[in-house]
Structure formats: C-alpha cells, structure tokens
Amino acid sequence: MEEDILKNMENVRHNDSGLDVEFLPTRVSTFDHLMDKRGIERGNTILISGGCGTGKSIFCMQSSYNAALNGEKVVYFTLEEEGHKIKRHMKNNFGLDIAAVEKEGNFVIQEVDPIKIAIDVRNVLLNQLPDLSVEKELEIIGKTKFELPFHPDRIVLDSLSALSAGFKDPESYRLYVKILIKNLNKYESVNFVVSETEQEPSRYSRSGIEEFLTDGVIILYTLREGLARERAIEIVKLRCSNHIMTPVPYKITDKGIEIYPKEDIFAGL
Amino acid sequence: MILMSYLKKFLATTQVMVVFVPNMEYKDTLVQISDLLNKNYNKILYVTLNRSCSALISTFDQNKMDYSKFHFIDCVAKNESSSIENCTHVPSPNALIELSLAISDVMESQKPEVMLFDSPSTLLIYNKEDHVTKFVHSLISKLTMWDSKGIFTVPEESADILMVKDIEMFVDKTISLKVS
C-alpha cells in the first residue's frame, strides 16, 4: 500500500506544471507571513517544540484541521492523548470539529502505543535477523505502527516525547527516530513532529538529535514576567524558506492560536 | 488653568511628550489634562495603571465631565471594568504584550487622535526596567505610525529614574507642570 502511495505521489509531482516543489501553508493564524515562501515545502519534517501548555498540539491540530477543510489529506498520530479526547477538547475549546472533517474522509486520527514500538525496536536490536539490516527492520516497524490510510498531504506525530519515554535506551531511541524521520520525508507530505521541552529550552528536544534531523524547528515559549505569563513563537530553523528571525507574540484564544507579527516581545528569552 | 493653556500650546505642535506632574497634585492634574483633551479632541485613549476605570469615571462624573469620547484601558481593576462599555481590561500590569495588543486594537479600530498614558513609572513596580523601556519605545514608534499624539504622565519624583530619562530621549518634548 505504501509503495502505491509513493508512486501516486511521484505522478502528482511529475504532472505538476513543471514545478518541482510545492509549499503548503500552515494555515495557523498569520504564521505563514513569518516565512518568505508563505508555507512549508512538501517532503519536509518540522519539529514543533516547547514547554508544557504552550500549545504545540493546538498548533498542529489547527494547521491539520484547516488543511483538511481545504481538501488536504491529514493523518494525525497521537502517542499521548486518546483520539476521542483530542476531538472533544478541540471542539469545545476552539470550535475545531474534527469529527466532521473525518467524515469527509480528509482527516484520520490514529492512536499509537509508544511502549509497543519500544519493545519491537528492542527485540530487533537483540535478535537481529541475519538477512535484514537493523535499519531495514526498524523501517518495517515504523511502517507497521504508523500505517497510512491514504496518500497524506500532512502527517503529525504527537509526540516524540511520548515515544522517547517508551525507550529505556537512548541509543536505540535515537536510531529509531533517525529512521522514522527519514521515512516520513519519503511521503512528500508536510510533517510535524511534536517535542516537549523545558519552558525556556536550551535544546529543542529530549535527546537533542531531533533538531538536527528535521528540516525546521518552531519553538513555542512561555515568558514569565512577575506573576504574568505571556507567549511567543519563533522559527529557529527552516531549510525551505527565509523567515523572520525574531520571536513573535501569540495567544491561545477560543479560536485557537492567534499570532501577532506586528507586536514586540519585551521580556528577554 | 495657566498650566493647561501651556500644555495645550505644546500639544498643538508636538506628537509625543512626557509630562512631569507634581506628586501632591497628580490626581487633580490628570483630571485637568483629561478635560483639556476632551475639549480639543474627538476620540481619546486613556491607559490607566494608577486608578481603575470606574474610579476615573466617578471622578469625571463629580467634575461634570462627559467621558463619552474616552476609551479606557484599565490595568488596575481585576474584573469590575468588564461591565463598562468603553473600557478594555488588561489582567495585569505585568502583561506588557497583552497591554500592547490592547492598545494596538483600540488604536486600529477606533483611531483615537490622542493617547494619555498614566504612567510608565507604575509599570516599573511590576516589570524590569529594560522591559518597560522597550515597551515605551515600541509604543512611541507605533504612535508615529498611527499618526496619533501621546502624553506620558510621570510623577515629578520619578524624574530621576533611568527609565524615565531613557523615555525622554524617545519623545519630542518634555514638560513640567510645576508652578515655580
């Protein structure tokens, strides 16, 4: 099935009026105005990183939902929260009716158990089959666990932190993540992988490797000034486009994330 | 009243100014400045960090002042101002981004001709000095963009604070409302 998906994708690209690259807008408030290309190139995987409660999942869900409304196909892998809870929270808090776009056939939420992945990976590393390389075997695990129901325009993996928590050994986690991200990039979709960090991160993922493997890093900060907390979003790295180099304020409203590119940040980061 | 005609003269030719007000007369002088603005402009934004919106309205009522031309941004009261129609509530004077967004929102939607800001020195109670300086600098830049006048009132005894001296560099004029 996956081979069919990749073949179809190649056809789409070859038929695409001579353009080799396509940029998909994130469709999250005014975020696209922070990038010269006003979107993210297909085949790119972007790390969405930030502390607890900064709105990483909201960012991904808002982007995915608006993309699905615009006819794109989205697969949202959740490794933490149950799918029905995500749908309820997104509808009640931000008015995103995920169930409706699911019915249209453009959106699928799939629950993945990170512990099962970690066990499978550990077994591969312990009992490597003689006729398969470790890399090939891990790729097979990735395909099995992150099975795609259709040819996706977007894939979200929420979150790598949940995945890393399943692994006892950081080495095998790093190896698996490397293969997973390589695998994601093959689909020519725009992919978001979520990672939880400290509130004021010195690195943008648990293991520190994800920011090197991905094509872009978007950080969501919570700034504390006295008793107040304020929020800022920053594109730290983006291979596919030039972008604004400063953090920009945002708020989480009843419509989801709202970004204010014209406003300044006053506290230091 | 002589002081107000002095202020009026400068307002006609100056876009952004810092006005030093003697501490003992601070509250009364703010009412007089508000009255002056009310008589000379059609739409005024009053950002208050020292007195709640309802306290200001009560004072205006006592002075028989029509405040329908005013929009208030209240960083003092926690909830009470939410029921007042021409008042935007900002949850805390710590929340500089929130305050900046509230000001931008009013300036862009209602296009007031003048903003009265009372007072940058109060922000120092809640925020680091360099953050307040950045905030005021950003606000002054935006006032130019919005083509609006700005009056930042500062108690006379805060005149020596480094942040106030920094702000003096950003504005067009600094005046002192003191009877010598």
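In this predicted model, B:Lys111 sits in the loop that runs between α4 and β5 of chain B. The backbone here is worth a pause, since phi of B:Lys111 is near 50°, a positive value in a residue that is not glycine. Most residues other than glycine have a negative phi. The side of the story that concerns solvent is simple: B:Lys111 has a relative accessible area of 59% and therefore counts as exposed, the cut-off being over 50%.

A second lysine of chain B can be described in similar terms. B:Lys64 belongs to the loop between α3 (53–62) and β3 (70–74) of chain B, and its phi, near 55°, is again positive in a residue other than glycine. With a relative accessibility of 77%, B:Lys64 is exposed too.

The backbone holds further points of interest in its peptide bonds. Most peptide bonds are trans. In chain B, however, B:Asp118 is joined to B:Ser119 by a cis bond, with omega near 0°. B:Ser119 is part of the loop between β5 (114–118) and α5 (120–126) of chain B. Chain A has a cis peptide bond between A:Asp158 and A:Ser159, where omega is about 10°. The loop that holds A:Ser159 connects β6 (154–158) and α7 (160–166) of chain A.

A:Asp158 also leads to the largest pocket, whose volume is about 370 Å³. Twenty residues line this pocket, and A:Asp158 is among the closest to its centre, together with A:Lys56, A:Ser57, A:Glu80 and A:Glu81. The elements of chain A that each supply two or more lining residues are α2 (56–69), β4 (74–78), α3 (83–94) and β7 (190–196). Of these, α3(A) gives the most, with 4 residues. By character, the lining is made up of 8 nonpolar, 7 polar and 5 charged residues.

Attention now turns to the nonpolar interior. The largest nonpolar core comprises 72 residues, and those with the most contacts inside it are A:Leu163 and A:Tyr176 from chain A, along with B:Leu99, B:Ile103, B:Phe117, B:Phe135 and B:Phe152 from chain B. Helix α4 of chain B, residues 96–110, contributes the most to this core, with 8 residues. B:Leu99 gives a good view of the packing: setting aside neighbours within four places in sequence, B:Leu99 is in contact with B:Val47, B:Ile73, B:Cys75, B:Val90, B:Phe117, B:Leu123 and B:Phe135. Another core, of 39 residues, lies apart from the largest one and includes A:Leu24, A:Phe31, A:Val101 and A:Ile218.

Key:
Residues numbered from 1 in each chain as written. Chains lettered and ligands numbered in written order. Predicted model: local features only at pLDDT ≥ 70, side-chain atom pairs only at ≥ 80, totals over all residues. Heavy atoms only, no water. 1 Å grid on protein atoms, 1.4 Å probe; cavity = no way out; pocket = protein on both sides within 12 Å on 5 of 7 lines; lining within 4 Å. Points joined across faces, edges and corners; volume = space filled by probe spheres on them. Nonpolar A, V, L, I, M, F, W, Y, C, P; charged D, E, K, R; others polar. Core = buried A, V, L, I, M, F, W, Y, C linked by side-chain atoms within 4.5 Å. Buried < 20%, exposed > 50% of the residue type's maximum accessible area, 1.4 Å probe, protein only. Contact = heavy atoms within 4.5 Å.
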